[in-house]
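Here are my notes on the fold, written to be read beside the coordinates. They run from the sheet to the helix packing.

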Amino acid sequence: MYEHLERLDKYMLLEGKVAVVTGAGRGIGRGIALALAREGAMVVVNYNGSADRAAEVVRSIEEGGGKAAAVQCNVSDFEAAKEFYANIVKEYGKIDILVNNAGITKDNLIMKMSEQEFQSVVQTNLAGTFHGVKFVSRPMMKQRYGRIINIASVAGVTGNVGQANYSASKAGVIGLTKATAKELAPRNITVNAIAPGFVETEMTDVLSDSVKEAAVATIPLGKFGQVEDIAEAVVFLASDRAKYITGQVLCIDGGIAM
């Protein structure tokens with residue numbers, strides 16, 4: 001885990017930056033928050049219902065010498081998200097980096113999928129990302145700097161059986177990324193997406209061995225990815241090393257989408 005990794009660089013890539021990571025209480029979001037903090041960013045750890053987990057992420061960051069704060073918000077709620085981002089700008093003076101990671105799944109075959117199963121996934125995954133991009137765009141435009149990284153999914157690139165709602169939401173995130181990248185580029189704001197494949201998290205830990213084996217069989221590299229694989233890419237895209245990259249979708253999936 002990141003708490004035990006030694007630094008490879010002599011300087012921090014994100015020193016002095018303020019970052020927001022939505023859905024950062026566990027899994028990929030947690031790994032991203034830890035990685036950004038390791039590189040010197042002050043990280044706002046957003047959560048909806050996992051207060052204890054978010055507090056643990058903050059403790060891990062602070063114990064490693066970093067700075068972080070846990071802030072609750074249901075980012076799929078327009079008015080709540082508006083207040084959430086405004087308060088961050090008021091508290092810290094700016095938002096340099098936004099990672100739209102918050103997401104849910106409610107899998108079902110299309111003929112069995114309910115309206116609620118479809119709408120709730122789209123509202124959280126796509127509308128939640130829209131809210132983030134919308135509400136950070138103005139302060140980023142004023143400061144003429146920003147890095148937005150949207151966590152999509154390989155399911156939004158290739159589709160996935162039993163995930164019409166999830167695939168549609170993540171495909172929407174990719175379209176949103178490309179459109180807003182064009183809008184915000186003149187103000188030195190980059191917008192990119194990362195599309196993870198199967199990544200080892202608590203969500204995949206509960207899968208049966210047979211399901212895991214079937215999943216691995218679809219991956220050219222023959223194994224699940226690690227949270228660190230995603231987090232390191234986020235750090236890169238958030239840094240000035242990626243200052244000439246925008247509107248791109250980086251598939252970190254072991255080759256599934258080839």
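**Notes on the predicted model**

1. Start with one strand pair. V20 has V44 as its bridge partner, and V44 lies in strand 2. The two strands concerned are strand 1 (residues 18–21) and strand 2 (residues 42–47), which pair in the parallel sense over 4 bridges.

2. This is a predicted model, and confidence deserves a word. The average pLDDT of the protein is 95. A score of at least 70 is reached by 96% of the residues. Strand 4 has the highest confidence, at 99. Helix 7 (residues 202–205) has the lowest, with a mean of 80. Where pLDDT is low, predicted coordinates should not be read in detail.

3. Now the whole sheet. It is open and has 7 strands, in the order 3-2-1-4-5-6-7, with parallel pairing. Strand 3 (67–72) and strand 7 (249–252) are the edges, each pairing on one side only. From one strand to the next, the twist averages 20 degrees.

4. Which strands does helix 1 touch? Helix 1 (residues 27–38) packs on the sheet and touches strand 1, strand 2, strand 4 (97–100), strand 5 (146–151) and strand 6 (189–196). The direction of helix 1 makes about 170 degrees with that of strand 1.

5. Helix 1 also packs with helix 2 (residues 51–63). Their axes are 10 Å apart, at an angle of about 25 degrees. Angles under 35 degrees count as roughly parallel, so helix 1 and helix 2 are roughly parallel to each other. Their crossing is right-handed. On the helix 1 side, the contact uses R30, A33, L34 and A37. These meet E56, V57, S60 and I61 of helix 2. By class, this contact has 5 nonpolar, 1 polar and 2 charged residues.

6. A further helix pair is helix 3 (residues 78–92) with helix 4 (residues 115–143). The packing angle is about 35 degrees, and the axes lie 9 Å apart. Helix 3 passes helix 4 in a right-handed crossing. Helix 3 contributes F78, A81, K82, Y85 and V89 to the contact. Helix 4 supplies F130, H131, G132, K134, F135, V136 and P139. The contact divides into 8 nonpolar, 2 polar and 2 charged residues.

Key:
Residues are numbered from 1 along each chain as its sequence is written. This is a predicted model: local features need pLDDT of at least 70, side-chain atom pairs count only at pLDDT 80 or more; totals for chains, interfaces and linings use all residues. Side-chain values use heavy atoms; hydrogens and water are left out. Two strands pair if DSSP finds at least two bridges between them. Axes are lines fitted to C-alpha atoms, for helices over the stretch in contact, and angles run from 0 to 180 degrees between N-to-C directions. Contact means heavy atoms within 4.5 Å. pLDDT is the predictor's confidence in each residue, from 0 to 100. A crossing is left-handed if the near helix is turned anticlockwise from the far one by less than a right angle, and right-handed if clockwise. Ala, Val, Leu, Ile, Met, Phe, Trp, Tyr, Cys and Pro count as nonpolar, Asp, Glu, Lys and Arg as charged, and the others, Gly among them, as polar. Angles under 35 degrees count as roughly parallel, over 145 as roughly antiparallel, 65 to 115 as roughly perpendicular and the rest as oblique.
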